[in-house]
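The following exercises concern one molecular structure. Each task is followed by a solution in steps.

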Amino acid sequence: MALSTSSNFAKPDDAFRAIVEAHRGLTEAQSADLDAALVLVLANHIGDLDVLREAIALAKRRMLDASQQQQQQQQ
Amino acid sequence: MAANTAQAKTQFGYRRHPDQDRSGANVAEHPVVVVGAGPVGLSLAIDLAQRGQRVVLLDDADRIGEGSRAICFSKRSLEFWDRLGVGDRMVEKGVVWSVGKIFHGASQLYQFNLLPEEGHKRPAFINLQQFYAEAYLVDRVEQLPEIDLRWRNKVIALESRNDGVTLTIATPEGAYQVRASFVVACDGARSSLRQMVGADFAGQVFEDQFLIADVKMTAAFPTERWFWFDPPFHAGRSALLHRQPDDIWRIDLQLNPDADPVAEKQPENVRPRIERMLGHDKFEFEWISLYKFQCRRMARFIHGRVIFAGDSAHQVSPFGARGANSGLEDAENLSWKLDRVLRGLSPESLLESYHIERSAAADENIRESTRSTDFMAPVTRQEARLRQAVLSLAEDTEFGKRMVNGGRLSVPSIYDTPLSSSDRDDWRGGPRPGASMLDAPVTEQGGGTIYLTDVFIEQGTRFTLLEFGNGAAVDVPDGVGTIRIGGEGGLVDAQGLAGKRYDAEPGTAYLLRPDGYVAARFRNAARPALDAALARAAGVN
């Protein structure tokens, strides 16, 4: 199974909203705790190490792209 | 007191050997010199001697090391020691256990059973102080005239040639030399032979310090391995409690990276910590030690005719019982290969499989113990956060419990090795080529129950065909042992466990190596395929 990056939610806004709302009223540290637990719960639900690795690679690549863009803007 | 009796037995005398009067062109020549009479060197020497090899075993001390040190010996190690004739003594003295419990704070997160099924001769683990294990091995050595054990013989120089090694050995009466066809260095993590061959020992040192204390007390704790994350008596760190014989309890306490090692080791500083843990002060200290974890290995375990085994070749952190047990697995892996090479039955290249198989096992042990150590002592804030998430999820989810890493305990590696013949038939279970044989109870024709591991020993601990009867017995090559289950005159699989564990059908056959690992398996063992598998496993093709 490969990582699915097509849109899987019928109402993507609801999914995004659910995650955002879970963080409302939390301090940054509490939010980080929540994310850590959420990542582990979802990773286990996926239950496929290859998919997990692909997801990590995708998330990391976005981070890398973002920081490169920032550097270019500064130059 | 039992501990004193044990100590008294561990002193050995230096004796002058006639080799010490020979020099120059007349120095003594020996097929094998084993350096280091710890559990690995002693076990290797016994195995080689039982295969008929003469062995010189050197040790720079004249006594068995103090302190319990290694305490957990695995099922696999006990099966090896059974072959060496010392298994019963180890198990009789040792504390048998298979259950571990993990606590977080004051409450239990979960428990695991390392051997949840019946029908095995040996338990998952015994706990036994290393000095008892060494003492029993020395007793066995003394029954074997093939082994020449020389105390206070310290190797101080090593000269390698293509066909052997010259060792210079210091004794209380001066130095002498011997030549050896092969030298096996079992001289521990600080191996001087490793330095003499100029090999590196690369890896990782962990910053957190751990305090080990062996305390003597009478306590009603069950015989289980108890591990705490963030216990009430040692806030924010981890702790381990483990039982040994003679009312001795092993306690491991994680300390801060900046703890002062000299101060922390003082009994007056250790005592309050243990009192908080136990809730009383009715204990005495047997041994206190402080250390940092190290995970390191040599790039190559073989340097010409000098072969490294045990801690001299690889070092792991202790949570997982992978130190002494992996050293013993090195010894059993090496001895039959060295014996065949010395006899000229296999080419010297067979020894390369020792490096391939055991360095992969070392990598596996280092990987597992590094993961455990990282879980116990998270490096970054986010790592600590993820660990905390696992610990809290473990309270009410099964996946969280299984992610909690309080040490993954030693199991035999499965070798990806050129000595194995790949499966050609269909298998739904059973040990695959490169895996260790499985134990199971079977019934002899007379009606008594015997374990497969013991039948393997009765067959001479050599290449052995384990076959599940299908009419006529398979015609095996000369020198190959046979274990026959079912069919006329064979052992009876009364409980059906042998058949189940080996995924057997009538005609199924497993070719076992002399170390009990599976070399090949067949649904129907035809002689040409068997001959080819045997040649491959012996390195003669």
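**Exercise 1.** Across which strands of chain B does α3(B) lie, and at about what angle does α3(B) run to β3(B)?

*Solution.* The model is a predicted one, in which local features need pLDDT of at least 70, side-chain atom pairs count only at pLDDT 80 or more, and totals for chains, interfaces and linings use all residues. Residues are numbered from 1 along each chain as its sequence is written, while chains are lettered from A and ligands numbered from 1 in the order in which they are written.

Step 1. Helices (H or I, at least four residues) and strands (E, at least two) are DSSP runs, numbered from the N terminus. Two residues are in contact if their C-beta atoms, placed from the backbone, lie within 7 Å. Axes are lines fitted to C-alpha atoms, for helices over the stretch in contact, and angles run from 0 to 180 degrees between N-to-C directions.

Step 2. With these conventions, α3(B) lies across β3 and β7 of chain B, and its direction makes about 70° with β3(B).

**Exercise 2.** Determine the strand order of the open sheet that contains β3(B), and identify the edge strands.

*Solution.* Step 1. Two strands pair if DSSP finds at least two bridges between them. The sheet has 3 strands in the order β3-β7-β4 (chain B), with antiparallel pairing.

Step 2. β3 (72-74) and β4 (95-97) of chain B each pair on one side only and are the edge strands. From one strand to the next, the twist averages 30°.

Step 3. Between β3(B) and β7 (residues 125-127) of chain B there are 3 bridges in the antiparallel sense; one residue pair has B:Phe73 bridged to B:Ile126 of β7(B).

**Exercise 3.** Trace the pairing of β16(B) with β12(B) and with β19(B).

*Solution.* Step 1. β12 (residues 202-216) and β16 (residues 284-297) of chain B run antiparallel and are joined by 12 bridges. B:Val205 has B:Gln294 in β16(B) as its bridge partner.

Step 2. β16(B) also pairs in the antiparallel sense with β19 (residues 314-315) of chain B, over 2 bridges. Here B:Arg296 is bridged to B:Gln315 of β19(B).

**Exercise 4.** Describe the domains of chain B and the contact between them.

*Solution.* Step 1. The domain bounds come from an automatic or database domain assignment. Chain B is divided into domain 1 (2-93 + 127-202 + 295-365) and domain 2 (441-537). Their centres, taken over C-alpha atoms, are 31 Å apart.

Step 2. Domain 1 of chain B gives 6 residues to the contact and domain 2 of chain B gives 5 residues. On the domain 1 side, α3 (75-83) and α9 (324-343) of chain B each supply at least two residues.

Step 3. Nonpolar residues are Ala, Val, Leu, Ile, Met, Phe, Trp, Tyr, Cys and Pro, charged ones are Asp, Glu, Lys and Arg, and the others, Gly among them, are polar. The domain 1 side divides into 1 nonpolar, 1 polar and 4 charged.

**Exercise 5.** Is α1(A) in the open or enclosed, and is α9(B) in the open or enclosed?

*Solution.* Step 1. A residue is buried if 20 or more other C-beta atoms lie within 10 Å of its own, exposed if 12 or fewer, and partly exposed in between, with C-beta atoms placed from the backbone. The expected span of a helix is 1.5 Å times one less than its number of residues.

Step 2. α1 (residues 12-23) of chain A has 12 residues and spans 17 Å between its first and last C-alpha, close to the expected 16 Å. The number buried is 0, so α1(A) lies largely in the open. A:Gly25, with a positive phi near 80°, follows α1(A).

Step 3. α9(B) has 20 residues and reaches 29 Å, close to the expected 28 Å. Of these residues 17 are buried, so α9(B) is largely enclosed by the rest of the structure. B:Gly344 follows α9(B), and its phi is positive, near 75°.

**Exercise 6.** Locate B:Asp246 and B:Thr461, and assign their burial classes.

*Solution.* Step 1. Most residues other than glycine have a negative phi.

Step 2. B:Asp246 has a positive phi near 65° and lies in the loop between β14 (238-244) and β15 (248-255) of chain B. With 17 other C-beta atoms within 10 Å, B:Asp246 is partly exposed.

Step 3. B:Thr461 has a positive phi near 50° and lies in the loop between α13 (452-458) and β22 (464-468) of chain B. B:Thr461 counts as buried, with 24 C-beta neighbours inside 10 Å.
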